[in-house]
Amino acid sequence: MAKGFVPNIKQLPKFMKEDPGILQGHRACAGCGCAIILRQIMMARRKPIVIANATGCMEVVTTIFPYTAWRTPWIHVAFENAAAVAAGIDAGRNKLQRAGRFSGDKDISVDYDVVALAGDGGTYDIGLQALSGALERWHNFMYVLYDNEAYMNTGIQRSGGTPFGAWTTTTPVGKKIKGKPLTKKPIVDIVVAHRIPYAATVSPAYWVDALKKFRKGFETEGPAFIHAYGVCPRGWRTDTKDTIKLSKLAVETCFFPLYEVINSEWYLTGPSLTIAKNPDRKKPVEEYLKLQGRFRHMMLPENKWMVEKFQELVDENWEIILKRAKNV
Amino acid sequence: MSKRGWREIPIAGIPFLKSTEYHTGDWKVFRPVIDGEKCIKCGNCWVFCPDSAIEWDGDSVPEPNYDYCKGCGICAEECPVNAIEMVR
């Protein structure tokens, strides 16, 4: 239950104007959902932040040599070690603070928050062992996973985060297979199994909820994990203007429920809590699927079973979360 | 070969120009035009713009910066009072 920090809309624009964190002119595709997540991280800051960014869309689009869109200290690391480098930054900060270095210096601050930023490829598949290691060592950092459900910047290859039935270039739609035959990896379950103090899911469409969760992640003493849902109009074959609509629909159909896990206790938040209390507000998953070109083959009459299977998987996942949630 | 500390390791590539020098505004086909009379100053367009292209101080009517706007149309779609129109 995200409490405490309440963003003041009258003060946020001034705060973002003075210290934007991320500049205009980065080269994300038009309508990029992940770029909205970056802005929301910047809006939720309480201190200066240092970012370790794994290879992925947000690394590629923000720092095309010699330009950079970042106004915060930022380091590009390889696909697999965003969490390991963030752990090192955290250890370095602790050492500097203990040694009292730069304590009299007005221009240099050694009091900052550490953020590891990685896409779904860098978290689900390649960076999982570094993430697991950093969580086990209990480093004080926030890991933000922006999930656009495939390797988008290299050309839409499937990842562990790709949902059932989605078309990608490596899971094409043909006679043998129709999109990805397997399901999405339950990454939050894996992360929560480390018994970390804070984990949450975030949809940029519900931005007050998102800002509260990012702020909670910053305030957590110890590792925090945020799973953010980033719509990718290019890879999902959607209209650029539908980005926020899809972020909303994913939550309303319970495909991507919003919840937070505090010390292994599950709490539903925002719109997902409303749906849990009034089950008739839950929308059929078809509404979410039919907007996207990557699920176009599912809309054909002979592939109706895929929509039903998708709905089954979503319901199954939702039931599991309802059973776990403490506040329903 | 002498021992090298971390201070002697060559520095990796450092981007040294601000991305604001690169104008992404010429990507767009449609540009958003905000109707100041209809606008209720809710800030939805400002929050949801992926390119930080809507400039807003919190009090006045938000203004799109056409140098960086990529014309995705999220602002027009999410405006609760339909004050934003996409014009070619």
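Chain A and its contact with chain B

In the predicted model, Tyr67(A) has Leu17(B), a residue of β1(B), as its bridge partner. This bridge belongs to a pairing between β2(A) and strand β1 of chain B, residues 17-18. The two strands run in the parallel sense, and 2 bridges join them.

The pairing between β2(A) and β1(B) can be placed within the wider contact of the chains. On one side, 31 residues of chain A take part, and these meet 33 residues of chain B. Several elements of chain A each contribute at least two residues to the side that touches chain B: the helices α1 (12-18), α2 (33-43) and α10 (243-252), together with the strand β2 (67-68). By residue class, the side of chain A that touches chain B comprises 16 nonpolar, 8 polar and 7 charged residues.

Turning to chain A as a whole, the secondary structure consists of 13 helices and 9 strands. Along the principal axes, the C-alpha atoms of chain A occupy a box of roughly 70 × 45 × 40 Å. The radius of gyration of chain A is 20 Å; because a compact globule of 328 residues would have a value near 20 Å, the figure for chain A agrees with that expectation.

Of the 328 residues in chain A, 52% are buried. The contacts within chain A were also examined by separation in sequence. When contacts between residues at least 6 apart in sequence are considered, 70% link residues that are at least 24 apart.

Definitions and conventions. Residues numbered from 1 in each chain as written. Chains lettered and ligands numbered in written order. Predicted model: local features only at pLDDT ≥ 70, side-chain atom pairs only at ≥ 80, totals over all residues. Helix = DSSP H or I, 4+ residues; strand = E, 2+ residues; numbered from the N terminus. Rg over C-alpha atoms; globule rule 2.2 N^0.38 Å. Buried ≥ 20, exposed ≤ 12 C-beta atoms within 10 Å, placed from the backbone. Contact = placed C-beta atoms within 7 Å. Nonpolar A, V, L, I, M, F, W, Y, C, P; charged D, E, K, R; others polar. Pairing = 2+ DSSP bridges.
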